[in-house]
Amino acid sequence: MPRNKIFAFGGDYLFVDGIYGHQMQARRVVARALARKVEDDVMDLEEAVHTAHLLLHDNVLDKLGIKL
């Protein structure tokens, strides 16, 4: 799947604790996965940082048509 189609975080939560917890967990999982790709020479650090930004921020804004 192309990386511009993936949302690493999001969901319906009633309480802010669930949002915070899920966000922290998503960041850790994305960081771990991308660190492994850098260690395995599948991507360089710059590409990994860009991918993290897409998965955790830009893709959702693009899909929802939000311009900042």
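## Exercises on a two-helix chain

Ile-19 has its place in helix α1, where helices are DSSP runs of H or I with at least four residues, numbered from the N terminus. The model is predicted, so that local features need pLDDT of at least 70 and side-chain atom pairs count only at pLDDT 80 or more, while totals for chains, interfaces and linings use all residues. Residues are numbered from 1 along each chain as its sequence is written, and side-chain values use heavy atoms, with hydrogens and water left out.

**Exercise 1.** Determine whether Ile-19 is buried, partly exposed or exposed, and find the surface patch to which Ile-19 belongs.

*Solution.* Begin with the classes: buried means under 20% relative accessible area, exposed over 50%, and partly exposed in between, with a 1.4 Å probe and protein chains only. Ile-19 is partly exposed because its relative accessible area is 37%. Next, Ile-19 forms a nonpolar surface patch with Tyr-13 and Val-16, and together they have about 280 Å² of accessible area, computed by the Shrake-Rupley method with a 1.4 Å probe, only the protein chains shown counting as cover for residues. Such a patch takes residues with over 30% relative accessible area and no salt bridge, nonpolar side chains being joined within 5 Å; a salt bridge is a side-chain nitrogen of Lys or Arg within 4 Å of a carboxyl oxygen of Asp or Glu.

**Exercise 2.** Identify the buried residues of α1 and trace the largest nonpolar core.

*Solution.* In α1, the buried residues are Gln-23, Ala-26, Val-30 and Leu-34. An α-helix has 3.6 residues a turn, so residues three or four places apart point the same way. The cover over the buried residues of α1 includes α2, residues 45-64. The largest nonpolar core, a set of buried Ala, Val, Leu, Ile, Met, Phe, Trp, Tyr and Cys residues joined through side-chain atoms within 4.5 Å, has five residues: Val-30, Leu-34, Met-43, Ala-48 and Leu-55. At least two residues of this core come from each of α1 and α2. Finally, with neighbours within four places in sequence left aside, Val-30 is in contact (heavy atoms within 4.5 Å) with Ala-8, Ala-52, Leu-55 and Leu-56.

**Exercise 3.** Classify Asn-59 as buried or exposed, and list its contacts beyond four places in sequence.

*Solution.* Asn-59 lies in helix α2, and it counts as buried because its relative accessibility is 4%. Leaving aside neighbours within four places in sequence, Asn-59 is in contact with Arg-3, Asn-4, Lys-5, Ile-6, Phe-7 and Leu-54.

How values were computed
Patch = residues over 30% accessible without salt bridge, like charges linked within 9 Å, V, L, I, M, F, W, Y side chains within 5 Å.
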